[in-house]
Amino acid sequence: MFDTRRDYLAAGLTLEVNPLLNLTPTVIANLDDASLYLLMAATWSLGDNLTLVAGAQAPIGPAHTEFGGLPLTSESPIMLAAPGRLYLQLRRYF
């Protein structure tokens with residue numbers, strides 16, 4: 001992820017659904033252009049040393065905003081933007 005501006009607001013929290021499952025939503029807002037970057041992670045304890053983590057990341061905003069996409073040059077139709085992502089991790093601790 002890259003940043004191009006100076007004024008941001010971020011908020012996040014961890015919700016314990018049950019002792020084995022935590023959800024972590026986070027939002028990063030660019031206050032200059034009103035674009036957002038949303039993140040959500042779920043952490044599930046499979047055992048004492050094994051954890052499954054699943055998550056999603058989504059940039060949201062219209063074209064010509066930081067998270068919606070910025071043009072490569074002022075004349076270019078090519079937009080540069082952080083991609084949306086889905087991920088799955090299996091973590092083993094030893």
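This is a walk through a predicted model, loop by loop and strand by strand.

Start with the loop between strand S3 (21–30) and strand S4 (36–47). Ala34 sits here. Its phi is near 65°, a positive value in a residue other than glycine. Ala34 has 63% relative accessibility, so it counts as exposed. Ser35 belongs to the loop between S3 and S4 too. Its relative accessible area is 0%, so Ser35 is buried. Over 50% is exposed and under 20% is buried.

Ser35 has a long list of neighbours. Leaving out residues up to four places away in sequence, Ser35 touches Ile28, Ala29 and Asn30. On the same terms, Ser35 also touches Ile60, Gly61, Thr65, Glu66, Phe67 and Gly68. One of these neighbours, Glu66, is 31 residues from Ser35 along the chain, yet the two C-alpha atoms are separated by 6.5 Å. The side chain of Ser35 also makes a polar contact, at 2.7 Å, with the side chain of Asp33.

Several of those contacts lead to the next stop, the loop between strand S5 (50–60) and S6. Strand S6 covers 70–71. His64 is found in this loop between S5 and S6. Its phi is near 70°, again a positive value in a residue other than glycine. His64 is exposed, because its relative accessible area is 52%.

Thr65 lies in the loop between S5 and S6 as well. Is Thr65 buried or exposed? With 5% relative accessibility, Thr65 counts as buried. A polar atom of the Thr65 side chain lies 3.1 Å from the backbone nitrogen of Gly68. Beyond the residues up to four places away in sequence, Thr65 touches Asp33, Ser35 and Leu70. Asp33 thus appears twice: Thr65 touches Asp33, and the side chain of Ser35 makes a polar contact with that of Asp33.

Now turn to the aromatic rings. How many aromatic pairs does the structure hold? It holds one. The partners are Tyr37 and Phe67, with ring centres 5.6 Å apart and planes at 45°, so the pair is tilted. Planes under 30 degrees apart would count as stacked, and over 60 as edge-to-face. The pair links distant parts of the chain. Tyr37 is in strand S4, Phe67 is in the loop between S5 and S6, and 30 residues separate them. Both partners can be checked for exposure. Tyr37 has a relative accessible area of 2%, so Tyr37 is buried. Phe67 has 4%, so Phe67 is buried. Phe67 is also among the residues that Ser35 touches.

Strand S4 also holds Trp44. Here the relative accessible area is 43%, so Trp44 is partly exposed. Which residues form a nonpolar patch with Trp44 on the surface? They are Leu20, Leu46, Leu50 and Leu90. Together with Trp44, these residues have about 480 Å² of accessible area.

Next comes the loop between S4 and S5, where Asn49 lies. Asn49 has 45% relative accessibility and so counts as partly exposed. Asn49 touches Arg91, Arg92 and Tyr93, not counting residues up to four places away in sequence. For Asn49 and Arg92, the sequence separation is 43 residues. In space, the two are 5.5 Å apart, C-alpha to C-alpha.

Move on to the loop between strand S6 (70–71) and strand S7 (79–80). Ser76 is placed in that loop. Its relative accessibility is 17%, so Ser76 counts as buried. That value falls under the 20% cut-off. The Ser76 side chain reaches the backbone nitrogen of Ile78 at 3.0 Å. Compare Thr65, where a polar side-chain atom lies 3.1 Å from the backbone nitrogen of Gly68.

The last stop is the loop between S7 and strand S8 (85–92). Ala81 has its place here. With a relative accessible area of 39%, Ala81 is partly exposed. Ala81 and Ile60 are 21 residues apart along the chain, and their C-alpha atoms are separated by 10.0 Å. Ile60 has come up before, as one of the residues that Ser35 touches.

Notes. Residues are numbered from 1 along each chain as its sequence is written. This is a predicted model: local features need pLDDT of at least 70, side-chain atom pairs count only at pLDDT 80 or more; totals for chains, interfaces and linings use all residues. Side-chain values use heavy atoms; hydrogens and water are left out. Helices (H or I, at least four residues) and strands (E, at least two) are DSSP runs, numbered from the N terminus. Buried means under 20% relative accessible area, exposed over 50%, partly exposed in between (1.4 Å probe, protein chains only). A polar contact is a pair of N or O atoms within 3.5 Å; within protein, one must be able to donate a hydrogen and the other to accept it, and residues adjacent in sequence count only if both atoms are side-chain atoms. Patches are made of residues with over 30% relative accessible area and no salt bridge: like charges are joined within 9 Å, nonpolar side chains (Val, Leu, Ile, Met, Phe, Trp, Tyr) within 5 Å. Accessible areas come from the Shrake-Rupley method with a 1.4 Å probe; for residues, only the protein chains shown count as cover. A salt bridge is a side-chain nitrogen of Lys or Arg within 4 Å of a carboxyl oxygen of Asp or Glu. Contact means heavy atoms within 4.5 Å. Rings of Phe, Tyr and Trp (its six-membered ring) pair if their centres lie within 6.5 Å; planes under 30 degrees apart count as stacked, over 60 as edge-to-face and the rest as tilted.
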